[in-house]
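Here's a quick tour of one chain, starting with a helix and ending with a couple of loops. Have a look at the fold, then read on.

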Amino acid sequence: GKGLSVILEGVRLYVHGDQRDVDIVLASEAQQPEAGALSDEFLLAAAEEVYGYCTQFLIQGEGLDPASMRRELDQLGNSTVVAGAEDLIRVHTHTPQPQAVIAFAETLGTVTQVNVQDIDQQHSEILQKRVSEDVGPIAMVVVASGQGITELFSSLGASVVVPGGQTMNPSTQDILTAIESTSAPAVIVLPNNKNIMPAAKQAAALSEKEVEVVPSITIPQGIASILAFNIESTVAENQEIMNEALSGVRTLELTRAVRRATVNGLRIRKGEAIGLLDGELLASASGPCEVIQALASRMASGGISLATVYWGTDADADERNRLAESLKDHLPDVEVEMLDGGQPHYDFIISLE
């Protein structure tokens, strides 16, 4: 940005009538940051951003309207820039639907110089390189989504957190890359989702390192497992300890139905709150608090003493407060702890211990 700062300084001096010369001092090579270097804070804060595809092209035609085009493209993407005139427009946007953007542009004129790049893949590769060189003899690779949940796993000792979860399954190659990026000779993988388990096992089989997959299928199981990890134990011993730990926690996931369905005898309407206890859909109601009421007896049957609630991106403060009160009303002997998970798709993930 040095060149831009010099231009702006020149503008400032001109506006104020200052004619003096400006000394341009460039940073020495030793002072310049490494190309592409990003802080840990930025990477962690942006871990769950969805960037999509960087899509750029030119449109040639007649009577083109940049302002109207920008309004349309804002519905299909973000970071949208539309510049030009009536006969030639340049477009830049980040979108999960590059084909739709290009198809729209082709209705307006001739599209040329198309350039589409997968930013999510680039972002994932950068995140996977964010690994400490001093991880000890055993590293842990965890799959998770949500800034708060990602931070929690990192603070508990995860060497790499691979972005992923419900509807966002990382590939075998993503997990293998994370495994190989650690300097440890042995790795334990926590998939935290049953749909990710096959990719985790395949990645473990492909690696030349000693890799074991702990079969965690929910975020609470993964947290319970990583808490039980002992750096002084072997991989085999840790696998046994962590397997035992995940069996001692139950998981309630609260989300919204995306369509009408009949499951386990429940007639579910689109938009209703639904509750999955240990992966089984057992209740639907008008809201999360009503689901808690419907499942209270099932939740209490295991003799739980602690309910840790991870709220998601779509849960507002009022809803969080109501849910906490509902848990306290229906499970009066249970301590309730509320944490910002930041996860997508699930309004609340509740760990029952």
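Let's begin on the outward side of α12: Asp318 and Asp329 are exposed there, where exposed means over 50% relative accessible area, buried under 20%, and partly exposed in between (1.4 Å probe, protein chains only). A word on where this comes from: the model is predicted, local features need pLDDT of at least 70, side-chain atom pairs count only at pLDDT 80 or more, and totals for chains, interfaces and linings use all residues. Residues are numbered from 1 along each chain as its sequence is written, and side-chain values use heavy atoms, with hydrogens and water left out.

Back to the helix. α12 runs over residues 317-330, and its 14 residues reach 20 Å from the first C-alpha to the last, close to the 20 Å expected at 1.5 Å a residue (that expectation is 1.5 Å times one less than the number of residues). Its buried residues are Glu319, Leu323, Ala324, Ser326 and Leu327. They cover an arc of only 160° around the axis, so they sit on the same side of α12; the arc is taken from the directions from the helix axis to the C-beta atoms. The general rule is that an α-helix has 3.6 residues a turn, so residues three or four places apart point the same way.

What covers that buried side? The cover includes β9 (250-256), α11 (288-300), β14 (306-311), β15 (335-340) and β16 (348-352). Helices (H or I, at least four residues) and strands (E, at least two) are DSSP runs, numbered from the N terminus.

At the N-terminal end, Asp316 acts as the cap of α12 through a side-chain oxygen and the backbone nitrogen of Asp318. Gln343, in the loop between β15 and β16, makes a polar link too, from its side chain to the backbone oxygen of Tyr346. A polar contact here is a pair of N or O atoms within 3.5 Å; within protein, one must be able to donate a hydrogen and the other to accept it, and residues adjacent in sequence count only if both atoms are side-chain atoms.

| From | To | Distance |
|---|---|---|
| Asp316 side-chain oxygen | Asp318 backbone nitrogen | 3.3 Å |
| Gln343 side chain | Tyr346 backbone oxygen | 3.2 Å |

Gln343 is buried, with a relative accessible area of 2%. Leaving aside neighbours within four places in sequence, Gln343 has contacts (heavy atoms within 4.5 Å) that include Ser145, Ile149, Trp311 and Phe348.

Another loop, between α6 (147-155) and β6 (160-163), holds Ser159. Ser159 counts as buried at 15% relative accessibility.
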